[in-house]
Amino acid sequence: MKLLLPVDVTQTHDDLVEHISWLLPMASCDVIVLFVKEILPSYERVLESMGDFPEDLDHQIEDRAQSVLGELESKLEGRARSCRVEIVSGPTAWMIDEVAKDHGIDLTVVAPGPDARMRRYLMGSTSSQVVKHTHSDVLVLRDDPRFDKLESVVIALDGSQDSLTAMGRSVDLLGLKDREVEITLTSVVNISAALKVISPVTFLSALEDNLMMESEAMLAAAAASLDKEGVSRVATRLKNGDPASEIIAVAEKHNAQLIVTGAKGRGAVAQMIMGSVSDRVSSHAPCSTLVVKGGAS
């Protein structure tokens with residue numbers, strides 16, 4: 001597996017490599033540690049106007065990057081199959097996607113800053129843009145000192161081919177066939193507010209019942225599919241309500257270290273539109289989130 005690890009050298013994580021190592025089977029990963037150097041011209045001019053600010057700004061940033069990236073490279077040696085460092089210049093999210101495409105990256109790992117106050121800002125900018133626009137699958141890391149081992153994963157399904165692809169691909173990405181991990185397959189039935197306004201109560205009740213039965217059958221089929229692949233520790237949870245909120249609630253209840261979602265779903269009025277759900281989950285979940293894009297158009 002080819003893994004891209006973009007690093008913000010101003011917001012480093014002391015345990016970044018350790019965190020990735022217990023989530024992913026690193027021994028089979030070829031890793032590119034990436035720093036994107038981005039200073040807007042207007043910002044650079046302001047810095048140059050400050051009398052006590054060094055003139056060789058570009059050089060100092062690159063020195064800092066080389067130091068941080070070199071340390072990460074050293075930590076990855078012996079864990080990953082291979083590792084190398086790359087420094088590029090340009091708009092951060094766009095360059096991450098370009099590097100991912102150029103190198104045929106399978107998974108991009110982004111880690112919002114360790115400062116909790118900064119996370120919402122970062123997720124609203126670079127990390128969120130990577131989740132939305134990068135062509136590779138994306139793993140958004142969340143620090144949680146309670147965990148140092150992958151024991152519980154929640155996989156969100158909506159019956160679409162993309163969500164089923166996400167389930168299957170997560171088995172390979174995470175090496176779930178060879179690990180003792182509890183998997184909770186979750187589906188959320190959610191009838192849109194607009195439909196509720198214009199539809200008779202009897203129609204809505206019948207629609208909801210049908211969707212619940214359909215989703216229950218889908219979850220059972222997905223669990224059976226995983227069992228055939230050798231993944232047997234699987235439970236199912238069928239919920240009703242706001243998809244992102246319910247998925248996060250299930251993850252919290254099961255102390256999950258990871259939520260898996262597809263990048264988009266079938267777009268039916270009564271179930272998850274994964275494009276928005278995956279973004280909300282990755283932005284607000286207390287645990288890490290894997291957004292799978294394989295098979296998505």
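1. Helices here are DSSP runs of H or I of at least four residues, numbered from the N terminus. In this predicted model, helix H10 spans residues 243–253, and just after H10 the residue Asn255 adopts a positive phi of about 50 degrees.

2. Which residues of helix H10 are buried? They are Pro243, Ala244, Ile247, Ile248, Val250 and Ala251. Because these residues cover an arc of only 155 degrees around the axis, they lie on the same side of H10. An α-helix has 3.6 residues a turn, so residues three or four places apart point the same way.

3. The model contains an open sheet of 10 strands with mixed pairing, in the order E3-E2-E1-E4-E5-E10-E9-E6-E7-E8. Its edges are formed by strand E3 (82–89) and strand E8 (234–240), each of which pairs on one side only. On average, and with direction ignored, neighbouring strands of the sheet are turned by 20 degrees against each other.

4. At the E8 edge, the pairing partner is strand E7 (residues 182–189); the two run parallel and are joined by 7 bridges. Within this pairing, Val188 has Lys239 of E8 as its bridge partner.

5. As to internal space, the structure holds 1 cavity of 30 Å³ or more, and the volume of the largest cavity is about 50 Å³. Its lining consists of His19, Trp22, Arg142, Asp144, Phe147, Ala256, Gln257, Pro286, Cys287 and Ser288. By class, the lining residues comprise 5 nonpolar, 3 polar and 2 charged.

Notes. Residues are numbered from 1 along each chain as its sequence is written. This is a predicted model: local features need pLDDT of at least 70, side-chain atom pairs count only at pLDDT 80 or more; totals for chains, interfaces and linings use all residues. Side-chain values use heavy atoms; hydrogens and water are left out. On a 1 Å grid over the protein atoms alone, a cavity is a set of points where a 1.4 Å probe fits but cannot get out, and a pocket is an open set with protein on both sides within 12 Å along at least five of seven lines; lining residues have an atom within 4 Å of a point. Grid points are joined across faces, edges and corners, and a volume is the space filled by probe spheres set on the points. Ala, Val, Leu, Ile, Met, Phe, Trp, Tyr, Cys and Pro count as nonpolar, Asp, Glu, Lys and Arg as charged, and the others, Gly among them, as polar. Buried means under 20% relative accessible area, exposed over 50%, partly exposed in between (1.4 Å probe, protein chains only). The arc is that of the directions from the helix axis to the C-beta atoms. Two strands pair if DSSP finds at least two bridges between them. Axes are lines fitted to C-alpha atoms, for helices over the stretch in contact, and angles run from 0 to 180 degrees between N-to-C directions.
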